[in-house]
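Trainee: Can we go through this model by question and answer?

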Amino acid sequence: MAVAQAIELSPEAAEIAALVARSRAAQAEIANYTQEQVDALIRAMVWSVAREDVAEKIAQHTVDETQLGNYDGKYLKIFRKTRATLYDIINDKSVGVLEEDPVRNIVKIAKPVGVIGALSPSTNPEATPVIKAISAVKGRNSIIVAPHPRAKLTNKMICDLMREAIVKMGAPADLVLSIDIPSVEKTNELMRQCDRVLATGGTPMVKAAYSSGTPALGVGVGNAVITVDDTADLDDAAEKIRISKTLDLAASCSSDNSVILLDAIYDEMLVKLQHQGGYIVSPEEKALLQNVIWVDGHINANAVAQPAEKIAGMAGFGLPEGKIFFIVPETGAGPDYPFSGEKMTVTMALYRAKDIDEAIALTNLIQAYQGQGHSCGIYSQSDANIMKLANGTRTSRVMVNQPQSASNSGNLWNGMRQTFSLGCGSWGGNGTNNNITWRDLINETWVSKPLAQAKVLPSDEELFGDVIAKLA
């Protein structure tokens with residue numbers, strides 16, 4: 001007689017299985033929460049980390065632990081971005097009937113997915129767990145956050161604060177769990193055992209999410225390309241490019257990686273970028289900088305999100321006082337032109353184009369190498385140029401007259417959904433183009449009733465028109 005043998009789990013698999021069991025039990029307790037109860041929970045979760053004294057502590061702790069970015073950038077994300085994300089979703093209906101379509105006689109009902117497995121990167125570890133957690137709980141899910149090892153203490157601090165707040169609201173703390181001692185093996189196990197993966201991180205981790213066997217929402221590579229045309233407000237454009245390029249020392253993948261200036265404004269705009277703190281590197285300095293930013297074809301982790309002065313010192317050249325980002329003149333794109341790719345540093349490649357058509361061709365050339373599907377931007381007062389760029393590029397979002405890194409994931413000055421997870425569509429190997437939020441973390445039941453009057457197929461002449469004659 002055959003004897004069934006229990007499958008022995010690895011220590012990592014067993015640890016994650018225990019976390020998932022706790023998470024699943026907590027999720028079951030809120031599966032029937034009302035909209036009011038859900039919204040009270042996410043308000044408490046954000047307030048627990050975003051009130052001024054706590055936000056200050058988290059921002060400093062994040063910089064101290066990760067040695068990435070700067071205090072001002074971290075504080076803005078935990079204090080302001082989390083508030084803005086809450087504001088963006090708090091009035092959304094996420095419980096019960098979401099939509100009724102009287103024309104098709106369809107009703108859509110929201111259902112929780114279950115346990116969300118969330119990956120959090122080292123570059124944005126302060127706000128990412130909060131934003132993903134409130135998106136999960138908004139859909140009556142629970143969440144387990146797998147941090148980057150470089151940010152594990154920050155992640156634990158934030159998750160513990162949210163857990164305390166959840167308990168005070170009368171809900172189970174295990175709605176939010178963290179992997180306190182992370183590893184690749186544990187993250188892979190989380191992705192295999194949870195109900196949906198929400199992956200933000202490097203390309204290998206996102207690919208692992210899609211290969212986990214669990215439905216996954218991942219993001220593509222960022223490599224934003226910004227065009228400044230001859231109708232732009234150049235002072236405004238220069239200031240916003242500086243804001244975007246230096247925000248949190250370019251920790252965001254949405255930072256301006258390449259800027260294309262049209263011939264007509266090239267010289268004037270370049271001067272304005274220099275006045276904003278840009279430093280034009282010489283050919284010799286460009287070579288030195290390249291050797292610091294990339295090591296063996298990969299971005300050097302020691303250069304990511306560091307001050308320009310430090311990077312210049314690593315490269316072996318001096319930086320004049322007041323210069324806070326590098327401007328690297330470039331002409332081509334692809335592996336032979338590494339500055340055309342994502343840099344994760346306060347470094348922007350500078351291109352010249354004769355007109356908007358050449359700028360579009362350059363954008364596509366650059367993003368065919370890296371960043372296709374993610375985002376691009378334009379500074380322009382010409383709707384014709386704006387729409388030509390939008391129609392001519394393979395991108396999911398075009399930000400107009402806005403600092404890219406502070407805008408494409410949503411901000412108070414635009415209508416984009418607030419998130420840190422940007423879908424890049426098929427161009428970037430993703431299943432969605434949209435800014436990922438709670439609506440992507442639910443299941444929907446469609447209730448279909450018969451139409452009051454059934455549809456009637458039209459005649460062949462009406463349906464096919466002159467195609468019939470052309471194919472005769």
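Mentor: The turns below take up confidence, the sheet and the nonpolar core.

Mentor: This is a predicted model, where local features need pLDDT (the predictor's confidence in each residue, from 0 to 100) of at least 70, side-chain atom pairs count only at pLDDT 80 or more, and totals for chains, interfaces and linings use all residues. Residues are numbered from 1 along each chain as its sequence is written, and side-chain values use heavy atoms, with hydrogens and water left out.

Trainee: Over which residues does pLDDT stay under 50?

Mentor: The chain has a mean pLDDT of 95, and 98% of its residues reach 70 or more. The stretch under 50 has 0 contacts (heavy atoms within 4.5 Å) beyond four places in sequence. That stretch is residues 1-5.

Trainee: Which strands stand at the edges of the sheet?

Mentor: Strands are DSSP runs of E, at least two residues, numbered from the N terminus, and two strands pair if DSSP finds at least two bridges between them. The open sheet has 7 strands in parallel pairing, ordered S10-S13-S14-S9-S8-S15-S16. Each edge strand has a single partner, so one side is left without a neighbour in the sheet; these are S10 (278-280) and S16 (398-400).

Trainee: Which residue of S15 stands opposite Val228?

Mentor: S8 (residues 224-228) and S15 (residues 376-379) run parallel, joined by 4 bridges. Val228 also touches Leu234, Ile241 and Met269, among others. The residue opposite Val228 in S15 is Tyr379.
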